[in-house]
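Trainee: Could you take me through one part of this protein up close? I'd like to follow how its strands are put together, and I'm happy with a long answer.

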Amino acid sequence: MKKWVPAVSGLAAGLLAATVFFADFSSGPSGSASTDTANKNKSNAEKVYVPFGEKDEYYLMASGGHSGQMFVYGVPSMRKIRTIPVFSPDSATGYGYDQHTKEMLGNYTWGDLHHPAISETNGEYDGKYLFATDVANSRAAVVNLETFTTRDIIDVPNTSGPHCAAFVTENTEYMFLPTRFAVPIGSKYESLDDYSEKYRGVMSAVTFDEKNEKLNIAYQVALPPWSYDLSDAGKKMSKDWAVMTTYNTEEATTNLEINASQADRDYIVLFNWKELEQKVKNGEYEDVDGQKMIFPEKQKGGIYLVPVAKSPHGVDVTPDGTRFIASGKLAPAMTVFSFEKAFKAIENKEFDGERNGIPVLKYESVMEREVNPENALGPLHTQFDDKGMAYTTMFISSEIVKWNPNTGETLDRVAVQYSPGHAAAAEGDTVSPDGKYIVSLNKLAKDSYLSVGPSHPESMQLIDLTGDKMEIIQSAPVDPEPHYAQMIKADKIKTIPIYDIDKKNPAAVTKAEETRIERKGNEVHVYGLAMRSKFIFDAKAKRPDVIEVNEGDKVFIHLTNVDLDQDITHGFGINKYDLNMEVQPGQTNTLEFTANKAGTFPLYCTNFCSALHQEMTGYLLVKPKK
Ligand code: K7E
Ligand code: CUA
């Protein structure tokens, strides 16, 4: 049974005046379901059942959207395993409170994380690092997958909202961070009347120094003042190239819903990052506030525009690297482009003029086919399986369509609940996807779960790809909206059981005898340790678990967890000082604060660690100024 209900929200609903095709999910495993359905559901239950003590086959690294965090799920159980704090503080782990994470976050308290990307070696996820960008405050971050902790965050200058990242090249040479919002270079004030002249859509090429776990901006490109939406790196034959979609090539400055959808075509930016890298080596760039900036109208070459149906959203490179597929958003079609054709067209200069000094390739010279499955509306993002077949999410018709990129033939469709954004296939962005599973990341779950009021959680639905037909076999709530996720084989992730006590960290203490409280003027350094079930700040003191300072002192509490047992993590919270941090086994962390409130402040371990966890307490005494 199908219901037709009018579109009430979502992408371009007003413009399309379309009706939304919602499948009916009311016949569930209970009630009036036939025996067949019941059996089928039983086998589906078995497919996702991971008995207690056994582990899932895949990790799903999902964006936490405007929570600023990342979520880790297990597949096929779809059990949520962990939240990784990235762009927002996290009370549970003290992320954003201790010295290192506080410095990384700067003064920002929220973030908007859309696209996690796992580091790659030879086009395969290598399970070492996870990258992400922040649309809210223009940052990029790297998470270490030995510890599932954020190691570095950088601000991306001249940019506002690097939405179209992070997608890494085959050997994690670069990730490209183009801006969503065009802004003046330097983000200074410029009148919107001068938008076309003064505003730019800057793209940053970011490298990762694995040894020091640092992100760096290698160079930037001052692209035209358009919005850059999604990108993907080439693979194999196209490995030196990357693609990204644009919209608002109209350069509208108000009412984008209408004004950015005027022209029939926008563009895909196709660029050769090896060539851009060479340009920088040759000194073909301008220095802009310390950034190496390529201006494509002056330092020509390496960048091309490919016309595409208006307001595209996703662009995805096939696993064999021969094609890139753009999804329509406002056009009901996926467009398949050929890298080989593009390379020939560039060689033969099959151009249709240029825009802002960037040559526009002839559409027919690069396009291979337009694919328009019947009644499918709102294609957004495409993933692939082990046979090279494509799976495109249809935002408006609420389904995933499986199709053959070599022929354009529609192979299968499955209704999802509802309005999928991205989908994430097993090893889906690599040169060799696994097939097996795809997860649909839905924007609207509409009453799938127990009601929690007017706002409902979104959902992720797990789809089995091994049968003749795609089949939804599990569903998990996710809150807030997930954008993208990547699914990696679990055995590729090599976590460490405990931290090595870091002898190079001058603040680390390993034994009670090394604990001490040192005063230098009005600076107080506490070198303490945490162990089951006490804090020792100064073993020689009358009360080793008490810190006494003067009002106005600058206090540094360095704490090492000397319990080198897996999973014995201690917390350190100070009442009413709004401070908390976590020290995992073997880890040393530092809290830095000014004791600006006089009084008596109990402190305690915030992580359950033993039967006497409740006794793991002490005091911070702040003596008032005379
Ligand atoms: Cu399509 Cu931000 Cu990748 Cu959400 S974006 S859907
Ligand atoms: Cu240490 Cu609880």
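Mentor: Gladly; here is a walk through two strand regions, with a stop at the ligand at the end. Keep in mind that this is a predicted model.

Let's begin with the open sheet, in which five strands line up in the order S38-S44-S43-S40-S41 with mixed pairing. Its edges are strand S38, residues 546-550, and strand S41, residues 579-583, each of which pairs on one side only. Ignoring direction, neighbouring strands in this sheet are turned against each other by 15 degrees on average. Now zoom in on one pair inside it: strand S40 (residues 570-574) and strand S43 (residues 599-604) run antiparallel and are joined by two bridges. There you can find isoleucine 574 opposite leucine 603 of S43.

For another antiparallel pair, go to strand S8 (residues 139-144), which pairs with S9 over six bridges. Across this pair, alanine 140 stands opposite isoleucine 154 in S9. The two strands make a hairpin with four residues between them, and in that turn phenylalanine 148 has a positive phi of about 55 degrees. Strand S9 itself, residues 149-155, is mostly covered, with five of its seven residues buried.

Finally, look at ligand 1. Around it you will see the histidines His114, His115, His163, His313, His381, His422 and His483, together with Leu230, Gly421 and Lys443. By class, this shell has eight polar residues, one nonpolar and one charged.

Terms used. Residues numbered from 1 in each chain as written. Chains lettered and ligands numbered in written order. Predicted model: local features only at pLDDT ≥ 70, side-chain atom pairs only at ≥ 80, totals over all residues. Heavy atoms only, no water. Near = heavy atom within 4 Å. Nonpolar A, V, L, I, M, F, W, Y, C, P; charged D, E, K, R; others polar. Pairing = 2+ DSSP bridges. Axes fitted to C-alpha atoms, helices over the stretch in contact; angles between N-to-C directions. Buried < 20%, exposed > 50% of the residue type's maximum accessible area, 1.4 Å probe, protein only.
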